[in-house]
Amino acid sequence: MYTQIMSYNKQLFLLLLLTVLIFYIKKTITKKHLFFIVPFGLALIPISAIFKASFLTGKVNVHQNGTKNIIPLLLNSEFRSASQNLQAIIANDEKTENLFGLNQIINDVIRVFKSNTPSTQHWYNDFFWSMSDTKYGFSLVAEGYLIAKIIGIIIIFIIVGFCIGSMYKYSIRNQYFMCAYICSIPQFMYAIRADLTNFFSPILKHIIFTLVIIYLLEKIIVNPVYMEVINERIQAKFGK
């Protein structure tokens, strides 16, 4: 388990980010602390790339991208991936035109529950990386451009912005909405390098579904009538 975690750094970043968010909401961490925490978090990105999978391979990738300088390592890490995917789409504009339309947004929602629905991310890997065994991420900007050029980008981010804004608005209502919002923030960030399905899927399937189960269990367990029935049965069977 330890080597699996160290070989895939996303979980570590999610854990650190969620921890900082929780402490910030509880006001244990203030804005002053963020001036030190944010640069530290940015520095972890190239460092994690250097040590990624080192516990499995026994090797440290100190010459990643041909340099030891931390600035190029930072700029050539996760920050560059989405822009590379967009660049590939724009460079092959004639080949990619009219492959998808605005109905792809509906397909992305359907694919949350039905995996064999057409996907821009799967198409990207099949079209540009068909000879590679590695599956690459995509880009929300690239997906928007692919389905309707500039208009598609605007529509995609209106949807994303509306969802984020709504979750933020409802987060102050109770602990369930607050938990959903906090846990969704890392998914918002990750989805920038994917597509709309990867934006909706973890939020609906993992976060909201889990919170609904917790809510229902809490209502059942805490329900006074239910607890009274349980106590009566225990007393009837085992006595006072």
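**Figure 1. One salt bridge, between Asp195 and Arg111.** In this predicted model, the count of salt bridges comes to one. The partners are the side chains of Asp195 and Arg111, which meet at 2.5 Å, N to O. The pair links distant parts of the chain, with the two positions 84 residues apart in sequence. Asp195 sits in the loop between α11 and α12, while Arg111 belongs to the loop between α8 (103-110) and α9. Are these two residues buried or exposed? Both Asp195 and Arg111 are buried.

**Figure 2. The surroundings of Arg111.** Here we stay with Arg111, in the loop between α8 and α9. Why does Arg111 count as buried? Its relative accessibility is 11%, and buried means under 20%. The side chain of Arg111 makes a polar contact of 2.5 Å with the side chain of Asp195. Another polar contact, of 3.1 Å, joins the side chain of Arg111 to that of Thr197. Leaving out residues up to four places away in sequence, Arg111 touches Thr117, Pro118, Ser119, His122, Asp195 and Thr197.

**Figure 3. Helix α9 and its start.** One of the residues that Arg111 touches, Ser119, also appears in this view. At the start of α9, a side-chain oxygen of Ser119 reaches to within 3.2 Å of the backbone nitrogen of Gln121. Which residues of α9 are buried? They are Thr120, Gln121, Trp123, Tyr124 and Asn125.

**Figure 4. The largest nonpolar core.** This core holds 31 residues. Which of them touch the most other members? Those are Ile89, Ile156, Leu196 and Phe199. Two or more residues come from each of α6 (78-91), α9 (120-128), α10 (140-170), α11 (175-191) and α12 (196-222). The biggest giver is α10, with nine residues.

**Figure 5. A closer look at Ile156.** Ile156 is one of the four core residues that touch the most other members. Which residues is Ile156 in contact with, once neighbours within four places in sequence are left aside? The list is Ile105, Leu140, Glu143, Gly144, Ile147 and Leu196. Leu196, like Ile156, is among the core residues with the most contacts to other members.

**Figure 6. A nonpolar patch on the surface.** Now we turn from the core to the outside. Phe113, Leu204, Ile208, Val212, Tyr215 and Leu216 together make a nonpolar surface patch of about 540 Å². Ile208 lies in helix α12, and Val212 is found in helix α12 as well. Ile208 is partly exposed, because its relative accessible area is 34%, between the limits of 20% and 50%. Val212 also counts as partly exposed, at 40% relative accessibility. The C-alpha atom of Val212 is separated by 8.6 Å from that of Tyr176, a residue 36 places away along the chain.

**Figure 7. The whole chain, for orientation.** This last view steps back to the fold. How many helices and strands does the protein chain have? There are 13 helices and zero strands, so the pattern read along the sequence is α-α-α-α-α-α-α-α-α-α-α-α-α, given that helices and strands are taken from DSSP runs. Of the 240 residues, 31% count as buried. The accessible surface comes to about 16,100 Å², and 67% of it belongs to carbon and sulfur atoms. Among contacts between residues at least 6 apart in sequence, 61% join residues at least 24 apart.

Definitions and conventions: Residues numbered from 1 in each chain as written. Predicted model: local features only at pLDDT ≥ 70, side-chain atom pairs only at ≥ 80, totals over all residues. Heavy atoms only, no water. Core = buried A, V, L, I, M, F, W, Y, C linked by side-chain atoms within 4.5 Å. Buried < 20%, exposed > 50% of the residue type's maximum accessible area, 1.4 Å probe, protein only. Helix = DSSP H or I, 4+ residues; strand = E, 2+ residues; numbered from the N terminus. Contact = heavy atoms within 4.5 Å. Patch = residues over 30% accessible without salt bridge, like charges linked within 9 Å, V, L, I, M, F, W, Y side chains within 5 Å. Areas by Shrake-Rupley, 256 points an atom, 1.4 Å probe, with all protein chains shown as cover. Salt bridge = Lys/Arg side-chain N within 4 Å of Asp/Glu carboxyl O. Polar contact = N/O pair within 3.5 Å; in protein donor to acceptor, adjacent residues only side chain to side chain.
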